[in-house]
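This briefing introduces the surroundings of a bound ligand and the enclosed space within a protein. Please consult the sequence and the structure alongside the points that follow.

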Amino acid sequence: MSDPHPPLRSYGRLKTRTIKPRQAALMETLLPTIRPPTTAFDPRTLMAGASEAWLEIGFGGGEHMAAQAQRRPDVLILGAEPFQNGVASALRHIDEQALGNVRVLDGDARELMALMPAASLTRIFVLFPDPWPKSRHNKRRIVQAETVAEFARLLQPGGRLRFASDWGDYVDWSLLRLTANPAFRWTAEAACDWRTPPADHITTRYEEKRLGDCAPVFLDFVRA
Ligand SMILES: C[S@@+](CC[C@H](N)C(=O)[O-])C[C@H]1O[C@@H](n2cnc3c(N)ncnc32)[C@H](O)[C@@H]1O
């Protein structure tokens, strides 16, 4: 039975520019081969010998996802992104770098999360999500008590969640909701811990645009 109260749309446009022919071809050929299953699945089974499974929500152009996958070929990285131009760009990175450890859903991460078992992920990235700054739109933000509970369900004890944003109000909003969930412990000890990009961070395309109202803030949490 379909959900009578599906979550509100948390993303903006699905497509802007025309997708370049080479990327359009990858949407037809590569994407169907790396889409995760549409029924319940354990992400660790998607790649033989995977040591861990990570999830990136809203990967944009896929630069961060591809660079992390390049660094850690032993990790299966799942990415979800409904923005078609972003998916097409990510496919180009996956193809050019011959990444065998990335799986891509061209859709809503919340649908993907619902299919995975508890404690099946070791890292979740939510990097520069759509800010929905007007208060009447705040309910569209991906970080809500419900999604935080879902992050807690999916992460193994000791697993890590990274949230980053350059919108001050969204940082406060997320900090409030993440610290309200007893499953998460914020790792910061001093201001430099949230003001300085973490050592393993890869600058994203959206981050470079500096469209927000503050310098980028990075919140790292550990799953208890
Ligand atoms: C502001 S962009 C940032 C993209 C990228 N993380 C970066 O930093 O360059 C936010 C992205 O999140 C995606 N997004 C929003 N809601 C989503 C959802 N429910 N599941 C997956 N992606 C989502 C949007 O389509 C958009 O591309």
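A residue counts as near the ligand if one of its heavy atoms lies within 4 Å of it. The model is predicted. The ligand is surrounded by 20 residues, of which Ser10, Gly58, Glu81, Leu127 and Thr204 come nearest.

**Ligand site**

- The largest pocket is where the ligand sits.
- In the shell around the ligand, 10 residues are nonpolar, 5 are polar and 5 are charged.
- Helix H5 (109–114) and helix H9 (205–209) each contribute at least two residues to this shell.

**Contacts with the ligand**

- A nitrogen atom of the ligand lies 2.8 Å from a backbone N or O atom of Ala109.
- A polar backbone atom of Leu127 is 2.8 Å from a nitrogen atom of the ligand.
- A polar backbone atom of Tyr206 is 2.9 Å from an oxygen atom of the ligand.
- On its own the ligand has 600 Å² of accessible area, and the protein covers 92% of that area.

**Enclosed space**

- Rolling a probe the size of a water molecule over the atoms shows where empty space is left.
- The count comes to 1 cavity of 30 Å³ or more.
- The largest cavity has a volume of about 40 Å³.
- Its lining consists of Arg123, Arg160, Leu161, Arg162, Thr187, Asp220 and Phe221.
- Strand S5 (155–165) and strand S7 (217–223) are the elements that give two or more residues to the lining of the largest cavity; S5 gives the most, with 3 residues.
- By residue class, the lining of the largest cavity comprises 4 charged, 2 nonpolar and 1 polar.

Conventions
Residues are numbered from 1 along each chain as its sequence is written. This is a predicted model: local features need pLDDT of at least 70, side-chain atom pairs count only at pLDDT 80 or more; totals for chains, interfaces and linings use all residues. Side-chain values use heavy atoms; hydrogens and water are left out. A polar contact is a pair of N or O atoms within 3.5 Å; within protein, one must be able to donate a hydrogen and the other to accept it, and residues adjacent in sequence count only if both atoms are side-chain atoms. Accessible areas come from the Shrake-Rupley method with a 1.4 Å probe; for residues, only the protein chains shown count as cover. On a 1 Å grid over the protein atoms alone, a cavity is a set of points where a 1.4 Å probe fits but cannot get out, and a pocket is an open set with protein on both sides within 12 Å along at least five of seven lines; lining residues have an atom within 4 Å of a point. A molecule sits in a cavity or pocket if more than half of its atoms lie within 2 Å of its grid points. Helices (H or I, at least four residues) and strands (E, at least two) are DSSP runs, numbered from the N terminus. Ala, Val, Leu, Ile, Met, Phe, Trp, Tyr, Cys and Pro count as nonpolar, Asp, Glu, Lys and Arg as charged, and the others, Gly among them, as polar. Grid points are joined across faces, edges and corners, and a volume is the space filled by probe spheres set on the points.
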